[in-house]
Each structure stands twice: as C-alpha cells, then as structure tokens.
Number of protein chains: 4
Amino acid sequence: MAQHGTLGVAVVGTGRMGADHVRRIDRVISGARVAAVVDVDAERARAVAGPVEGCAAYTDPAAALAAPEVDAVLVASPGSAHEAALLEAFRHDLPVLCEKPLTPDAASALRVLEAEQRLGHRRVQVGFMRRWDPEFTRLKALLDGGELGRPLLLHCRHRNASVPSFFTEPMLINDSVVHEMDQTRWLLEQEISAVTVLRPRPGRDAPPGIGDPQLVIFETEGGVLVDVEIFARCRFGYQVQAEAVCERGTARVGDAHGMLVNRDGRWGGEIAPDFTVRFATAFDRQVQAWVDACRRGTVTGPSAWDGYAAAAVCEAGVRAQATGERVAVELAARPALYQD
Amino acid sequence: MAQHGTLGVAVVGTGRMGADHVRRIDRVISGARVAAVVDVDAERARAVAGPVEGCAAYTDPAAALAAPEVDAVLVASPGSAHEAALLEAFRHDLPVLCEKPLTPDAASALRVLEAEQRLGHRRVQVGFMRRWDPEFTRLKALLDGGELGRPLLLHCRHRNASVPSFFTEPMLINDSVVHEMDQTRWLLEQEISAVTVLRPRPGRDAPPGIGDPQLVIFETEGGVLVDVEIFARCRFGYQVQAEAVCERGTARVGDAHGMLVNRDGRWGGEIAPDFTVRFATAFDRQVQAWVDACRRGTVTGPSAWDGYAAAAVCEAGVRAQATGERVAVELAARPALYQD
Amino acid sequence: MAQHGTLGVAVVGTGRMGADHVRRIDRVISGARVAAVVDVDAERARAVAGPVEGCAAYTDPAAALAAPEVDAVLVASPGSAHEAALLEAFRHDLPVLCEKPLTPDAASALRVLEAEQRLGHRRVQVGFMRRWDPEFTRLKALLDGGELGRPLLLHCRHRNASVPSFFTEPMLINDSVVHEMDQTRWLLEQEISAVTVLRPRPGRDAPPGIGDPQLVIFETEGGVLVDVEIFARCRFGYQVQAEAVCERGTARVGDAHGMLVNRDGRWGGEIAPDFTVRFATAFDRQVQAWVDACRRGTVTGPSAWDGYAAAAVCEAGVRAQATGERVAVELAARPALYQD
Amino acid sequence: MAQHGTLGVAVVGTGRMGADHVRRIDRVISGARVAAVVDVDAERARAVAGPVEGCAAYTDPAAALAAPEVDAVLVASPGSAHEAALLEAFRHDLPVLCEKPLTPDAASALRVLEAEQRLGHRRVQVGFMRRWDPEFTRLKALLDGGELGRPLLLHCRHRNASVPSFFTEPMLINDSVVHEMDQTRWLLEQEISAVTVLRPRPGRDAPPGIGDPQLVIFETEGGVLVDVEIFARCRFGYQVQAEAVCERGTARVGDAHGMLVNRDGRWGGEIAPDFTVRFATAFDRQVQAWVDACRRGTVTGPSAWDGYAAAAVCEAGVRAQATGERVAVELAARPALYQD
C-alpha cells in the first residue's frame with residue numbers, strides 16, 4: 001500500500017459508471033486513489049486517467065492488475081467482461097468491487113463462486129448500492145429490530161423516466177428488477193423461491209416491443225410475498241419506493257420529500273431525474289465501505305453468492321416474463337464460504 | 001312528500017349501520033327525515049325511533065313501506081334480507097339506498113335486476129360510499145380528465161385494525177375487498193375480468209383460520225392490473241389507499257395526513273381507528289346525494305348493476321381464494337336500463 | 001316552528017356570502033329551510049328566493065323578521081348594517097348567526113353586547129367558521145388535552161391568492177387577520193393584550209398602496225406570542241396554517257395534503273384556490289351547529305363578546321399598522337352573560 | 001504536501017467537535033489526513049491521536065503549526081482561543097477551517113480581519129455548516145434562480161432537545177441563533193440591520209434563568225423580515241426549518257420526512273436527536289469542500305467577514321435580548337478583500 005495506507009485502485013471500464021467511479025475515488029472517497037484505469041479504447045483510458053494525479057492508463061486488464069501500485073480493483077466494464085476480470089483479480093488475490101451484474105448468467109456466476117472458494121476467502125463485493133442508501137438502511141434496521149413484527153408483504157415501485165433505444169424486455173428484469181431482487185434478499189434475509197410476471201396493457205409511450213410497465217411477484221422461501229412495479233418509461237422522473245407490511249405496522253421509504261414549494265396553485269417538490277441523483281449518497285457510501293474494508297484487509301457487503309443468487313432469480317424472472325407462468329428458482333447449495 | 005318537500009325515509013334494519021343512518025338523516029342530512037324504522041326486534045326498533053320526532057317503529061317491512069309518510073327506503077338489514085326488502089320497495093315504486101351487498105350472491109342479484117327492469121326505471125342506489133369520499137372523487141376527476149394518460153396499474157391497500165370473532169376468510173373478499181372491486185370498476189369504468197388471490201405467510205396475530213393478509217389481483221377487460229393488499233387485522237388502524245399508475249404520472253390517495261405533531265422524538269399524526277371515522281364525510285355525502293336525487297324524482301349513484309357485478313366478482317374472488325387459481329369472472333349481459 | 005321542527009331562517013343580505021348561505025341552508029343543512037331572504041335590491045332578493053321552495057323575498061329586514069315563518073336570522077349584509085339587523089332580531093328575540101365582523105368597530109359592538117344583555121340570554125353566534133374546521137378542531141382538542149403541555153408560541157400563515165381592487169391596508173387586519181385574532185383567543189382561551197405590525201419590503205405584485213405581506217405579532221394576557229404572516233396577494237393559492245409550539249411538542253395544521261400526484265418531474269398536489277373551497281366543511285358545520293342549537297332553543301359558538309373582542313383587537317391592529325408601534329388592547333370588562 | 005497531494009491537517013482542540021473532525025478527516029474525507037492534533041490536555045491529545053496513522057500529538061499550537069507535515073489547520077478549540085490560533089496560522093500562511101464563532105466578539109473578529117488583510121489573501125473559512133446541507137443548498141439555488149421572485153419573509157425554527165447545565169441566555173443567541181444569522185445573510189445576500197427579541201412566557205421545562213423559547217426578529221438592509229423561533233429545550237428532538245416567502249411562492253426545508261412508519265394508531269417518523277445527526281452530511285461536505293479548496297491553493301466558503309458580521313449581529317442580538325428593545329446593527333465597512 002501507498003504511504004499512509006492509501007489504497008491504489010484500478011478501475012476497469014471507463015464508461016458512464018466507470019468514469020463516475022474514477023471521479024468518486026479521486027474526489028470523494030477517503031483513503032483511496034485511482035492508480036490505474038483500464039479500457040479497450042486506449043484514447044478513452046488516457047482521457048479519463050489524465051486529470052488524475054499518478055494514474056496510469058491501460059488497455060489490458062492483466063497488465064494493470066499486475067502493477068505494484070494496484071491494491072484493489074473496481075470492475076465497471078460490460079457484464080460480459082466481468083468473469084475474466086474477476087478471475088484475473090483472483091490471480092493477484094486483489095479485493096474487487098464488481099458492478100452488478102456479477103456475471104450475466106447463473107452458470108458463469110457459479111464459476112466465479114468456485115474460483116473464489118479456491119482462494120479460501122471472500123474477495124468480491126457486488127455493486128448493489130441500495131444497501132447503502134440512508135432510507136433503505138433505516139428500513140433494514142427497523143425490520144431487524146423486530147418492533148413491527150415479522151414482514152409479510154413487500155410492495156416495491158421502480159420507476160424510470162426513460163430508457164435508451166437499445167433497451168429490451170429482458171433488461172427490465174436483468175437491469176432494473178435485479179435491484180429489487182437483491183433488496184428483497186437483503187431486507188428479508190430470505191432467498192427468493194419463485195417469480196411471476198404479470199402484464200397490464202402497455203402504455204402508449206412504452207418502448208417499442210416492450211410491455212411496460214409490468215408487475216413482478218416474488219415469493220420467498222419464508223413465505224413473504226413481494227410485488228414490484230417496474231415502469232421503464234414513466235416519464236415523470238426516477239422513483240424507487242418500498243413498503244414493508246409487517247405483523248404490527250408498515251414502513252415505507254422512497255417518498256423522498258425534501259424541499260416543499262408552494263407555487264402556481266400546487267404544493268410539492270422535485271423528483272430525482274435518474275439513479276445517479278437518487279442514489280448519489282448510496283454510491284459514495286458503498287465505495288467508501290469497500291475501501292475501508294480493503295484497508296482493513298477484508299471484504300464485506302454483498303458477496304459473490306448474492307451476485308449468483310441475483311443471476312439465478314433473474315433467469316427465472318426472464319423465463320416468467322416470456323412465458324407468463326410462475327417459475328420456481330433453483331439455487332445451488334450455499335457454500336460454506338458464504339454462510340454467515 | 002311532506003311539507004316543503006321533506007323526504008320521509010324508512011330505515012330497514014337498526015343495527016350499527018342502520019342506527020348510524022338514522023342519526024345521519026335526523027341530524028346531518030338536508031331535506032329528509034326518518035319517518036319509520038323497521039327491525040324484527042320490536043324493542044330495538046322502538047329504542048331507535050324514540051328520540052326522532054315523528055318517527056314510527058315497525059317490525060314488518062311491508063307495513064312500514066306501505067305507510068303514507070314513507071317516500072324512500074334505506075336498507076341496512078343483513079344482506080340475506082335485502083332481496084325481500086328491495087322487492088317490497090319495488091312494489092311501492094319507492095327509491096332505495098341499499099347498503100352493500102345488494103344481495104349475498106350473483107343469482108339473487110340478477111333477480112333484483114330483473115325486477116327493477118320490470119319497473120322500467122332505476123330505483124336502487126347501492127351503498128358503495130367511497131364514490132363520495134373527497135380524495136377518491138378527486139382521483140376519479142383526475143383520471144377522467146386524462147391529464148396523466150390512461151391508467152395501467154392500480155395499487156390498493158385496505159387495512160383494518162381488527163375484525164370481530166365471527167369473521168371468516170370469505171368475508172375478506174365479500175365484506176372488505178368488495179369495496180376495491182367497486183372502486184376499480186368506478187375509477188376505471190371497466191369490468192373486472194379475472195381474480196387471483198396470493199397468500200403470504202399469515203402474521204402471528206392473524207384471526208384463527210384466516211390467511212391474513214392476502215394480495216388480491218384483478219385483471220380488467222381493458223387490461224389494467226389491480227393489486228389489493230387486504231389486511232384484516234393489521235392492528236395499527238384503518239387505512240385505505242390507492243395509487244393509479246398512468247402513462248404519464250401517478251396519483252395516490254389515502255395518506256390522510258391532517259394535523260402534524262412533533263412529540264417524543266417523532267413527527268406524525270393519527271390514523272383513523274375505523275371506517276366510520278375515515279369515511280364519515282363519504283357516508284354523509286352519499287346519503288345527501290341520494291336524498292337530493294329522490295327529491296328530484298330520480299336515482300343516481302352505483303346501480304343495481306354495480307351491485308350485481310360486485311357480487312359476481314366476489315364469487316370469483318372467493319373461489320380464487322379457496323383454490324389458489326386465477327378465476328375468470330362471468331358476467332351476464334348488461335341490460336339496457338344500466339347502460340349510460 | 002314549522003312541521004317536524006324545521007327551522008325557518010331569514011337570510012339578510014344576498015351578496016356572495018349570503019347567496020352561498022341560502023344554497024347551504026337549502027341543500028346541505030339538516031333541519032332548516034330558507035323562509036325569507038332580504039336585500040335592499042329587490043330584484044336580487046327575488047332572484048335568490050326564486051328557486052327556493054317556500055321562500056319569500058323582502059327589502060325591509062324589519063318586515064322579514066316579523067314574519068311568522070321566520071324562526072332565526074342569518075346576517076350576511078355589509079358590516080355597517082349589522083348593528084341594525086341585530087337589534088331588530090333582538091326585538092323579536094330571534095337567534096342570529098352574524099357573519100363577521102359583529103360590527104365594524106368596538107363601540108358599536110359594545111352597544112350590541114348591551115342590547116343582548118338586556119335580553120338576558122345569548123342570541124348571537126358570530127361567523128368565525130374556523131372553529132368548525134376539522135383540522136383546527138383537532139388542534140384545539142390536542143391543546144385542551146394538555147398532552148403537549150402549555151402553548152408558548154403560535155405561528156400562523158394566512159395567504160390569499162389575490163384581493164379585489166377596492167382592498168385597503170386596514171382590510172388586511174379587519175378582513176383577514178381578524179380570523180387569526182379569533183383563532184388565537186379560541187385556541188388559547190386567552191385575550192390578546194397587544195398588537196404589533198412589522199413590515200418587510202412589499203412584493204412587486206403588492207396591491208397598490210398596500211404593504212403586502214405583513215407580519216403581525218399578538219401578545220396574549222397569558223404571555224403567549226403569536227406571529228401571523230398575512231399575505232393578501234401571494235398568487236399561488238389560498239393557504240391557512242397554524243403551528244402551536246408547546247412545552248413538550250408542536251402541532252401544525254393546514255398543510256392540507258390530500259391527493260399526491262407525480263407528474264412532469266414533480267410530486268405534490270393542489271392548493272385550494274380560495275376560502276370557500278378550503279373552509280367548505282367548516283362553513284357547513286358552522287351553520288349546522290347553529291341550526292341544531294336554535295332547534296334546541298339555545299345559542300352556542302363564538303358569542304357577541306368574541307365579536308366585540310375581535311373588533312377591539314382589530315382597532316389596535318389597525319393603529320399598530322398605521323404607526324409601526326406596539327399597541328395595547330383595551331377591553332371592557334367581560335359581562336356576566338359571557339362568562340362560562 | 002504529502003505524496004499524491006494528501007493534505008496534512010492539524011486539528012486544534014479535541015473536544016466533542018474536534019474529535020469528530022479528526023474522525024471525519026481520517027475516515028470520510030478524500031485527499032486529507034490528520035497530521036497533528038493539539039490540546040492543552042496532553043493525555044487527551046495523545047488519546048485522540050493514537051488510533052490515527054502518522055498523527056502527532058501536541059499541547060502547543062505554535063509547535064504543531066510549525067511542523068512541516070502540517071498543510072492546513074482546523075480550529076475547534078473554545079472560541080476564546082480562536083484569535084491566537086488564527087494569528088498563528090496566518091504566521092505560517094496556512095489555510096484554516098475555523099469552527100464558529102470566528103471569535104467571541106466583534107472587536108476581536110475585526111482584529112482577525114485586519115491580520116488576514118495584511119496577508120493579502122483569504123486564509124479563513126468559518127464553520128457555518130448549514131451552507132452545505134443538501135436541503136438548504138437547494139433552497140439557496142431556488143432563491144438564486146429567481147423563479148419565485150424576490151424573498152420578502154423568512155420564517156425559521158431552531159429547536160433543540162435539551163441544553164447542558166452551563167447554558168446561559170446569551171448562548172441562545174451566540175451559539176444557536178448565530179446559525180440563522182449566517183443562514184439569513186447567505187440565503188438573502190443581505191446584511192442584517194437590526195435585531196429584536198420577543199419573549200413569550202417560558203415553558204415549565206425552561207432551563208433555570210433562561211427565557212425559553214424566544215422569537216428573534218431580524219431586519220435586513222434590503223427590507224426582508226426574518227423571524228426565528230429559538231427553543232433550547234423543546235425536548236422532542238432537534239429540528240431546524242426555514243420557509244422563504246417570496247413574491248410568487250414559498251419554499252420550506254427541514255421537514256425531514258424520511259421513512260414513514262404506521263404503528264400503534266399513528267403514522268410518522270423519527271426526528272433527529274441532535275445536530276450531529278441532522279447535519280452529518282453538511283459537516284462532511286463542508287470539510288471536503290475546504291480540503292478540496294486547500295489542495296487547489298485557495299480558500300472559499302464563509303469568510304472571516306462572515307464570521308465578523310455574525311459576531312456583530314450577535315452583539316446586537318444579546319443587547320436586544322437583555323433590553324427588550326430593537327437594536328440596530330453597526331457593521332464596519334466591508335474591506336476589499338471580502339467583496340466578491
């Protein structure tokens with residue numbers, strides 16, 4: 001490690017998320033610096049590395065991860081490149097913060113699990129950032145405290161102002177609802193055992209070829225029912241809400257009522273335009289928690305198992321979406337490394 | 001009619017609802033008076049009639065409805081007695097406000113429809129009082145105005161502090177969710193075409209033998225999906241909420257945030273204890289609207305057709321609840337009298 | 001009284017408020033009917049009386065109040081005509097609901113007090129309708145219950161979308177802040193002992209010649225401080241709020257958050273356009289309470305003393321407004337009739 | 001500067017605020033480290049320095065500030081020690097983040113201003129952390145944008161659960177209301193020209209010898225009126241609110257409604273227990289902004305002039321509090337260094 005324990009981070013992938021993480025580690029995070037950036041596009045890598053003091057630009061992840069000033073890896077490349085990057089990090093026994101998805105499917109996720117088990121200790125934290133959102137952490141604490149009794153239902157809303165032109169129907173599950181999958185598993189500490197996708201008529205502004213919105217139902221192994229409204233193109237803003245219905249009360253997060261304005265015959269306030277605004281604090285806290293753990297020599301947060309479970313539930317979800325049927329989730333046995 | 005057009009109302013049934021309607025017509029409603037009360041329990045009828053000026057007590061509905069000072073009938077007896085009371089009112093061509101349910105099943109409801117058709121004009125308004133709740137009427141106006149585009153989803157919550165000891169699982173549908181059935185049909189102006197009932201694990205305080213809460217899904221003929229959380233014994237209070245998700249925005253009613261108190265480390269306010277408090281204004285407006293229409297010689301509001309449709313959807317809902325299957329709703333053809 | 005105890009009401013004055021009260025008594029209120037309307041403009045009186053069954057039109061209040069079918073009087077004429085109307089009602093010992101102000105100044109109000117005392121019993125209820133607003137009554141109950149300890153401060157907001165062209169600066173006090181004067185006296189059960197008016201720079205849309213908004217400070221005899229923002233032309237809507245700051249907590253009413261809409265990047269809802277919308281329920285309940293009391297042979301609600309006290313505080317307020325000084329309120333001794 | 005531009009900070013004073021800043025710089029802030037801590041209590045200094053890698057403990061500020069690894073100074077000692085610490089920092093031309101107050105009175109603050117002017121450039125940022133609170137920055141942006149027109153009134157609430165036993169009445173102004181003084185000057189970009197303090201009866205739980213709560217009125221040079229409720233021992237929690245009343249609308253911050261819970265007959269949520277919780281994000285952002293500016297070689301944020309102006313308004317406020325009179329604020333001419 002560098003002087004005063006500053007963690008040297010290699011950021012793999014310098015697209016929107018990667019570039020934002022470079023800025024975050026450079027400007028916001030305590031105890032870390034961007035030692036290297038990696039992108040197959042050499043020009044882009046150099047452009048991102050340029051303004052960062054002491055940051056090298058690479059096109060080859062293997063070269064970057066072998067550099068002595070690299071203590072940890074943040075993987076923000078496309079999902080299809082994650083498996084290779086993770087295995088390379090394992091070769092150097094480097095801790096990794098891997099943007100979701102861990103890998104694009106359950107089979108490849110299982111290979112990552114196996115490789116990590118061969119190391120004998122956790123090296124991967126998966127980027128499910130909602131676990132660091134102040135409101136969601138308060139909800140988790142309330143549920144854990146047990147004051148409201150056991151949760152019975154979880155109502156979720158996930159509304160997105162719009163989606164890019166390449167968006168496809170399975171991406172509703174794999175890119176969006178995957179957050180509610182992890183959120184459900186984390187809040188309830190139960191695996192999801194089945195998924196059903198219900199479809200209303202699509203709205204007139206639904207992206208071509210996509211049934212938008214949809215209502216996704218999870219059943220958990222403990223018998224909790226979860227309904228998720230996923231609305232990819234709701235137009236009015238980005239809004240994520242969750243209400244836990246427990247035996248003795250309910251708790252709701254995500255109304256996000258900050259400044260209240262009276263104007264032109266209406267009271268109210270602004271809705272966040274997108275996830276980078278809504279979850280800015282969560283992203284910051286997520287990376288800080290990872291850096292803090294790395295500097296203590298550990299890895300915490302959502303594990304590769306959580307990444308695998310999300311992939312497995314996503315596979316069931318996409319099949320449920322395509323068939324209209326209830327699809328049971330088949331999970332591998334949970335390895336000892338991921339018991340807690 | 002009495003002097004100055006005061007409507008003489010016979011209230012049939014003097015249980016909790018009936019007695020409350022007697023008080024309402026006597027003290028709150030303009031242009032009407034309680035001319036007669038009817039109850040098989042003569043003592044009870046006399047006790048309710050006593051404090052009301054000019055009010056006679058009957059044990060026989062037929063005798064009460066034949067009395068010359070009776071201009072209209074409010075039926076608040078048990079559901080099993082509704083058919084007979086309605087037919088008796090039809091014999092005298094009296095307008096009726098019939099507490100829900102119209103009748104306890106679709107077959108008897110159809111007989112009422114046929115009898116009303118033989119009269120050739122509407123005589124029945126069914127007591128779905130939510131149609132007069134100030135927040136729900138605002139939601140209806142917003143949806144009708146079309147500013148948010150077409151509705152696609154409707155999320156409903158129906159939470160009850162507790163239920164009496166004789167409560168049974170079908171009553172979750174017939175007594176509680178029936179309100180969301182009518183609300184859905186009224187807000188969307190679409191029939192419900194199928195019902196599914198999903199069950200989480202029951203809470204520890206669930207009434208014996210009842211899976212509480214449940215999540216009821218309606219599909220409408222126009223393709224809107226409706227999810228209803230029905231929670232019969234949530235303990236914390238009575239709460240009814242609805243959020244319409246439309247193509248360009250959403251609208252939610254029922255948060256009911258009146259006075260805001262800061263105290264003992266918490267901000268917030270009171271939840272209504274029960275439906276009589278939450279819907280007090282709706283009940284008053286419903287009866288006033290009925291009285292006003294009666295005095296103009298008409299009947300408006302939810303019709304016998306709405307009562308029949310609710311009964312048919314309830315039958316499907318109870319079957320869905322018992323079987324765990326999606327159950328399609330089979331409705332009779334809508335008679336000309338109930339087209340609008 | 002008429003058959004079945006229906007109260008025959010004479011409505012004196014058929015301007016905006018008077019006409020609205022005619023509609024209310026005719027359509028909303030239980031147990032009363034409009035027996036007579038009075039207006040110096042005969043045509044207007046006839047136009048208002050026309051649609052109401054059994055309602056006579058008068059130009060002379062004395063003639064109307066002498067009519068046998070008149071059991072009670074609602075005074076909604078201009079304030080300058082109130083004293084004469086009240087004294088005429090006293091001649092017939094008729095109960096009166098007198099729109100605020102009781103009379104335009106403290107001296108004439110004292111004459112009314114004296115006349116009523118000569119009758120030996122209360123005959124006047126003054127139209128401070130906020131005392132019947134559901135939120136304000138809840139606040140009153142909370143303060144009376146004592147759970148929050150004694151009130152120490154009261155923060156009030158009174159915002160009006162716009163004002164008519166004849167509006168003058170003293171009307172800020174006499175027409176608008178007079179409501180907070182009565183509200184303060186009612187909520188706290190203390191007299192107001194001094195008034196100060198503070199002025200910020202006027203807004204660019206302030207009515208010509210009027211310092212708008214203003215901040216009015218009341219001190220009560222019990223040492224509570226009350227600040228009132230009066231904003232006659234805030235443009236965005238009509239909004240009345242109050243927050244009581246007590247020893248162990250605070251309570252706020254008037255946020256009036258009914259239906260919540262997400263749309264166009266904003267969450268929120270509508271603000272009432274004017275007082276008839278915001279206080280519709282309060283007006284209805286006020287008149288119903290008066291009618292109910294009249295039918296029981298009594299008068300309740302804000303008394304002539306409350307009308308006099310408001311007039312005295314208004315006089316101090318207008319002087320404070322004109323001088324920029326703190327002005328002490330001098331009240332006559334409270335007659336025995338108005339002790340409770 | 002240290003490797004990779006890490007800013008070495010000396011924290012002077014290791015009481016509650018100082019120790020919290022040490023934790024913050026060590027764990028939260030990017031680009032800085034705690035190089036030294038200073039406390040007259042040597043044992044306490046060592047205890048705080050111990051867990052921080054590479055942090056030296058001093059009892060003499062002069063020695064600490066002369067250390068080569070110290071690039072900047074955070075002053076968190078008692079206010080009476082600020083002047084000496086600031087002058088010592090100026091001797092080394094070190095940038096300073098000085099907790100409020102700059103100094104305890106206007107005369108000493110003026111001496112600091114003069115010393116900084118002799119340096120010829122700004123070296124001081126004063127710790128008015130509200131300027132970094134997310135809600136207040138949104139309010140500032142809204143006012144600056146001009147969409148609501150010019151501000152006319154500002155209503156402020158400052159409620160504290162309780163105060164320590166050594167709390168005195170002037171501390172209501174100097175320690176608490178000083179935040180509203182800076183907030184007013186910052187939001188409105190106007191100096192405060194006069195202060196008045198109004199007193200209701202004290203609550204039963206008021207700290208001995210202290211009139212609590214109080215209502216403090218500011219007038220600004222631009223004619224805006226500001227009312228501040230300061231309540232030192234409101235018991236229910238820590239709550240800071242502000243509502244700007246502008247020509248075409250109002251905006252309110254501080255309702256702070258995060259997670260909404262339904263339970264035991266009430267809806268609502270938690271109130272922050274104290275300022276460290278309520279303003280945690282603001283403190284973090286404040287220090288990060290200071291560190292970022294230091295590393296760029298500049299100083300931004302509230303200046304020594306802002307510290308002086310606050311001291312001058314506080315002096316007027318304490319006099320107003322003692323006399324019950326309106327007290328005009330006399331400010332020195334604003335030196336060129338502090339024009340912007």
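How many residues make up the hairpin that joins β11(B) to β12(B)? The hairpin runs through two residues. This is a predicted model, and the points below go from the domains of chain A to its core, then to the strands of chains B and D, and finally to how the copies are related.

**Domains of chain A**
- Chain A splits into domain 1 (3-129 + 282-302) and domain 2 (130-274 + 309-338).
- Between the C-alpha centres of domain 1 of chain A and domain 2 of chain A there are 27 Å.
- Where the two meet, 23 residues of domain 1 of chain A are in contact with 18 residues of domain 2 of chain A.
- The UniProt record, an unreviewed entry, lists residues 136-251 of chain A as "domain: GFO/IDH/MocA-like oxidoreductase".
- That span of chain A, residues 136-251, is 26% helix and 35% strand, and its end C-alpha atoms lie 10 Å apart.

**The nonpolar core**
- The largest nonpolar core holds 86 residues. Leu102(A), Val195(A), Val216(A) and Phe218(A) have the most contacts inside it.
- Helix α10 (residues 304-323) of chain A gives the largest share of this core, 11 residues.
- Because domain 1 (3-129 + 282-302) and domain 2 (130-274 + 309-338) of chain A both give residues to this core, it lies between them.
- Phe218(A) is a handy residue to look at here: leaving aside residues up to four places away in sequence, Phe218(A) touches a set that includes Val177(A), Glu180(A), Met181(A), Thr184(A), Ile192(A) and Ala194(A). Val195(A) is also among the residues it touches, as are Val224(A), Leu225(A), Val226(A) and Val228(A).

**Strand β11 in chain B**
- Strand β11 (residues 239-246) of chain B is mostly covered, with eight of its eight residues buried.
- In a regular strand, side chains alternate between the two faces of the sheet.
- On one side of β11(B), Gln239(B), Gln241(B), Glu243(B) and Val245(B) are buried; on the other, Val240(B), Ala242(B), Ala244(B) and Cys246(B) are buried too.
- Strand β7 (residues 151-159) of chain B pairs with β11(B) in the antiparallel sense through eight bridges. For Leu154(B), the bridge partner in β11(B) is Ala244(B).
- β11(B) also runs antiparallel to strand β12 (residues 249-253) of chain B, joined by five bridges. Here Ala242(B) stands opposite Val253(B) in β12(B).

**Strand β7 in chain D**
- Is strand β7 (residues 151-159) of chain D mostly covered or exposed? It is mostly covered, since nine of its nine residues are buried.
- Eight bridges link β7(D) with strand β11 (residues 239-246) of chain D, and the two run antiparallel. In β11(D), Val245(D) is the bridge partner of Leu153(D).
- With strand β10 (residues 225-231) of chain D, β7(D) pairs in the parallel sense over seven bridges. His158(D) stands opposite Ile230(D) in β10(D).

**How the copies are related**
- A turn of 180° and a shift of 0.0 Å along the axis lay chain C on chain A with an RMSD of 0.1 Å. The two copies are thus related as by a two-fold rotation axis.
- Gly268(C) is the residue of chain C that comes closest to the rotation axis, at 1.9 Å (C-alpha).
- Chains A and C meet through the same surface, because 100% of the interface residues of chain C are also interface residues in chain A.
- Chain A can be laid on chain B with an RMSD of 0.0 Å, by a turn of 180° and a shift of 0.0 Å along the axis. The same surface serves both of these copies: 100% of the contact residues of chain A recur in chain B.

Notes. Residues numbered from 1 in each chain as written. Chains lettered and ligands numbered in written order. Predicted model: local features only at pLDDT ≥ 70, side-chain atom pairs only at ≥ 80, totals over all residues. Heavy atoms only, no water. UniProt positions renumbered as here; feature names shortened; annotations may be inferred. Helix = DSSP H or I, 4+ residues; strand = E, 2+ residues; numbered from the N terminus. Least-squares fit on C-alpha atoms with pLDDT ≥ 70 in both. Contact = heavy atoms within 4.5 Å. Core = buried A, V, L, I, M, F, W, Y, C linked by side-chain atoms within 4.5 Å. Buried < 20%, exposed > 50% of the residue type's maximum accessible area, 1.4 Å probe, protein only. Domains from an automatic or database assignment. Pairing = 2+ DSSP bridges.
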